[in-house]
Amino acid sequence: MGQVIAFWIFAVAIVGAALGVVLLENVFRAAILLITCFLGVAGIFILLSADFLAAMQILIYVGAIAILVILAIMLTRELSIGSPSNKFKIPALIIAGLFGLGIILTVINTKWLINTTTPAPTTTSGLAVKLFSKDGFILPVEIIPTVLLATILGAIVLIKDKKK
Amino acid sequence: MTIGLNNYLILSAILFSIGLYGALAKHNAIVILMSIEIMLSATNIAFVAFSRFITPTDLTGQVFALFAMAIAAAETAVGLAIIIAIYRNKETIDANKIDLMKW
Amino acid sequence: MNNYIWLIFLVPFLSFLIVSLILRPMFRKQPKIAGYVTIAAVGTSFILSIITLCKLIAAPDHILKVSEINWMFIQNGINIHFGLMVNALTGIMLMVVTTVSLMVQIYSQGYMKDDAGYHRYYAWMSLFTTAMLGLVMANNLLLAFMFWEMVGLCSYLLIGFWFHKPSAANAAKKAFIVTRIGDFGFLAAIILLYTHTGTFDIATLQNMAISGALAGSVLTWAAIGIFAGAVGKSAQFPLHVWLPDAMEGPTPVSALIHAATMAAAGVFLVARTYPLFENSATALTTVGIVGGFTAIFAASIALVQNDIKRVLAYSTISQLGYMMLGLATGGVAVGIFHLLNHAFFKALLFLGAGSINHATGTFDMREMGGLRKAMPKTFATFLIGAASLAGLWPLSGFWSKDAILSNALDKQPILFVLVIITVFMTAFYMFRVIFLTFGGEYRGKEHHLHESSSVMTIPLFILAALAIGSGWVNLNGGFSVFFGAGTTHSVIEGLFGIFKEPLPWISLILACAGIFLAYAIYSKKWISATALGKTFAFPYKVLYNKYFVDELYEGIIVKKLLMGGLFAAARWFDTKVIDGGVNTFIIQKVIVKNFFAGLFAFDRKGVDGAVNGVAGTTLAAGKTVRKAQTGQLQFYGLVIGLGLITLIAGVFIFSKV
């Protein structure tokens, strides 16, 4: 029962915040609502027994990405035009709507093979096993830091002041 | 009612659609980036939901979500760097005004 | 086998190829090498000719066998073998050609020393030697005709050697065209003989004529055709007009070609096919009449010419007439004997004239005189040549001329009268030249007269020795025996016994009379030349203008009859009738108007329209489609989304979910 209430609270929060992000004219408020959205998603993760992931969500998304977005907003704020909608409003609405509808229909009409075993109470050790053990995802684990390195270098190069 | 897989998946679909709308219909490049973040979050929810309901003992879905998060972070960093670089050159971050590839 | 004989004319051909293809492009700056190569080649031919002659003398019947080449063979049709016919006639001709050619090549090194066309000269000299040697050795008429034409070509090239002079170019043209008229007769005769006998081979034809298989009017016409070719090449009347003009070429060319060899080719041809003439009395008489008439005709013109080379040219024509007469009355040995002697002393005279030209810069005798002091070697050799030509005993000319005269007296008395007068004229005009050129005092404008270099005088000496001695081969009658007739007697008998007959005395007296008259007029001036000219003004004018034969040919025949008449009529017919009809009616009215106009419109509208249309369509399509490239990111995203929706819809519709 608690789960149901928690789910609906989180679901509404998430959808509302997302709507706010895409519909609000004020960019800064949109950024704050983005944070709210991320927090809601973290809550959903906890509901789904992904405790480690929820912690990561908050750490990474809220702690890093949202801050970065706010930083960027502040850096480009002088001539900010706010965040109006452009001329593709209606077509985008149609396409997004159709897409969403299509997915929902697919989901409803699929017979999922649901397994009802109880998941582990904490997932950390299971994730660790999954990531770092012999048959695990060790390769992506090694590659992702490389990607991050490339990203950092790329970002530095892009940001660097060329007038030097 | 119980919260089943369908609930989470529908939530994910709605969230994704909202993000899609935002990515296609907003002027401000940063808002487009935020919408992309929303889309990525939606897929994360879907991954974890599948992992929880279809293979509860096998945490592959969560591993995937973890990777997706990492990549999203990287992508946001680069994207914002690009936006700032464009802002320095063009004095605007209006996605419609940046049309150098126009015919 | 005696296959080395092929080399006799192949080696000069090789030297022609070397000079023209290797030396001229690659050794431009060292022209002398061309001279050395040619002299080496002709020298080789000379040595081989001596060997051949020695072998011929030793061989039975004086015939050598040489292997043949099968040139064209069609089953049941033409069967032509190319080979060499080496008999007594060939042997003597080889000696004549190679000796004179060798002397001329050596002499040319000095005469043509700084000429820009040195390579060209020696290349064509080599080619000419090849052609002449091939002609004298050919064993069938077709091969002979090929070399005949090649000889004519080289003559054309060498007469027009200084082609930038219009007079030289015209002279070359004239030579070629006039001899062509004769060659037409020759070719007609060859074809006539082939259709009647089926062979070109000379030996076979000779046997047929002797045995009587070939007789009657066919034989006569064939012989006259062959003689027509000889008339052209040997400059007999009426085709003599090219030879004096051919003096425009370099003097060594005149010496080699127009005195000693090519001009003698006609005589050689008649000698080669002599059995055909022997068995046709008409043809033989024609030969004799033409020869005898030409002899006196040309000698009369030579009396009054002022250009040394022109005198020598007319003298050559006259002597060739002698040779023809000798062939007609005495046979091959008599005519060829005179050819042998004439080749040497006429070449000597021409080379001497070239030496004089080198010193004085002119050929006009009115500007010469007193050269015996400045050019003793040239004077001595020239005098020997002139005396031999005049027929003074015991020089070579005496022996052959005497043979011709005695035979003419026997067979053709009327012609004998003509030639005996010619003896007087010959002596007169030759010594006129001597007295005007070498006697008296120098009348010209040159400041420094000098003798020519030894490279030019050594050939003069060699030829002078030959001019003295070449007649002595028949002192014991050996020459006639070599040709298959006559008997031998002792040398002393030949040398002095000749005076037992009255005829040699008469010819000697006439010759001395001619010399004395020339002496009287031109040296001692007892009789004034100009006074003589005024007294005999009309004959003088006629002789000086060469009996107006050239004017007749060019003015009346060419200009009026041919150009004005026949050719003009043909041209009128072609332009007015044929071209007019075709042009105006068919082309303009019918074809151009309808057919071509239609094609033109089709091309403009249809083809151009199609091509332009394709281009235009592409452009318009491009203009429209490019609007899709807005450059806006979100537009692209929308389109992607649209595609995605379509795919999902497709999955929904076309599969059972």
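Two residues are in contact if their C-beta atoms, placed from the backbone, lie within 7 Å. The views below show a predicted model.

**View 1. C:Val267 and its contacts in the largest nonpolar core.** The largest nonpolar core holds 198 residues. C:Val267 and C:Ala347 have the most contacts inside this core. Neighbours within four places in sequence are left aside here. C:Val267 then touches C:Ala230, C:Ser234, C:Leu320 and C:Met323. Its contacts also include C:Met324, C:Leu327, C:Gly335 and C:Leu339. Another core lies apart from the largest one and has 79 residues. Among its members are A:Cys37, A:Val41, B:Tyr8 and B:Ala49.

**View 2. Helix 3 and helix 15 of chain C.** Helix 3 of chain C covers residues 88-111, and helix 15 of chain C covers residues 332-360. Their axes come within 11 Å and cross at roughly 0°. Angles under 35 degrees count as roughly parallel, so helix 3 of chain C and helix 15 of chain C are roughly parallel to each other. From helix 3 of chain C, the contact includes C:Leu89, C:Ile92, C:Val96 and C:Tyr111. From helix 15 of chain C, it includes C:Val332, C:Leu339, C:Ala347 and C:His358. By class, this contact has 15 nonpolar, 2 polar and no charged residues.

**View 3. Helix 4 of chain A against helix 27 of chain C.** Helix 4 of chain A spans residues 89-108, and helix 27 of chain C spans residues 633-654. The two pack at an angle of about 30°, with their axes 10 Å apart. The crossing of helix 4 of chain A and helix 27 of chain C is left-handed. Helix 4 of chain A brings A:Pro91, A:Ala92, A:Ile95, A:Leu98, A:Phe99 and A:Gly102. Facing them in helix 27 of chain C are C:Leu638, C:Gly641, C:Leu642, C:Leu644, C:Ile645 and C:Ile648. The residues of this contact divide into 10 nonpolar, 2 polar and no charged.

**View 4. The contact between chain A and chain C.** Chain A gives 9 residues and chain C gives 9 residues. On the side of chain A that touches chain C, 6 residues are nonpolar and 3 are polar. No charged residues appear on that side of chain A.

**View 5. The loop between helix 8 and helix 9 of chain C.** Helix 8 of chain C runs over 216-233, and helix 9 of chain C over 242-245. C:Pro238 sits in the loop between them. A cis peptide bond joins C:Phe237 and C:Pro238, with omega about 5°. C:Ala235 lies in this loop too. C:Ala235 has a positive phi of about 55°, although it is not a glycine. C:Ala235 counts as buried because it has 31 C-beta neighbours inside 10 Å.

**View 6. Chain B and B:Glu91.** Chain B has 3 helices and 0 strands. Along the sequence, its pattern is α-α-α. Chain B has 103 residues, of which 58% count as buried. B:Glu91 is found in the segment after helix 3 (60-90) of chain B. It has a positive phi of about 60° although it is not a glycine. B:Glu91 is exposed, with 11 other C-beta atoms within 10 Å.

**View 7. C:Val417 in helix 19 of chain C.** Helix 19 of chain C spans residues 413-438 and contains C:Val417. C:Val417 is partly exposed, with 14 other C-beta atoms within 10 Å. C:Leu405 is 12 residues away from C:Val417 along the chain. The C-alpha atoms of C:Val417 and C:Leu405 are separated by 9.5 Å.

How values were computed
Residues numbered from 1 in each chain as written. Chains lettered and ligands numbered in written order. Predicted model: local features only at pLDDT ≥ 70, side-chain atom pairs only at ≥ 80, totals over all residues. Core = buried A, V, L, I, M, F, W, Y, C linked by C-beta atoms within 7 Å. Buried ≥ 20, exposed ≤ 12 C-beta atoms within 10 Å, placed from the backbone. Nonpolar A, V, L, I, M, F, W, Y, C, P; charged D, E, K, R; others polar. Axes fitted to C-alpha atoms, helices over the stretch in contact; angles between N-to-C directions. Helix = DSSP H or I, 4+ residues; strand = E, 2+ residues; numbered from the N terminus. Parallel < 35°, antiparallel > 145°, perpendicular 65-115°, else oblique. Left-handed = near helix turned anticlockwise from the far one by under 90°.
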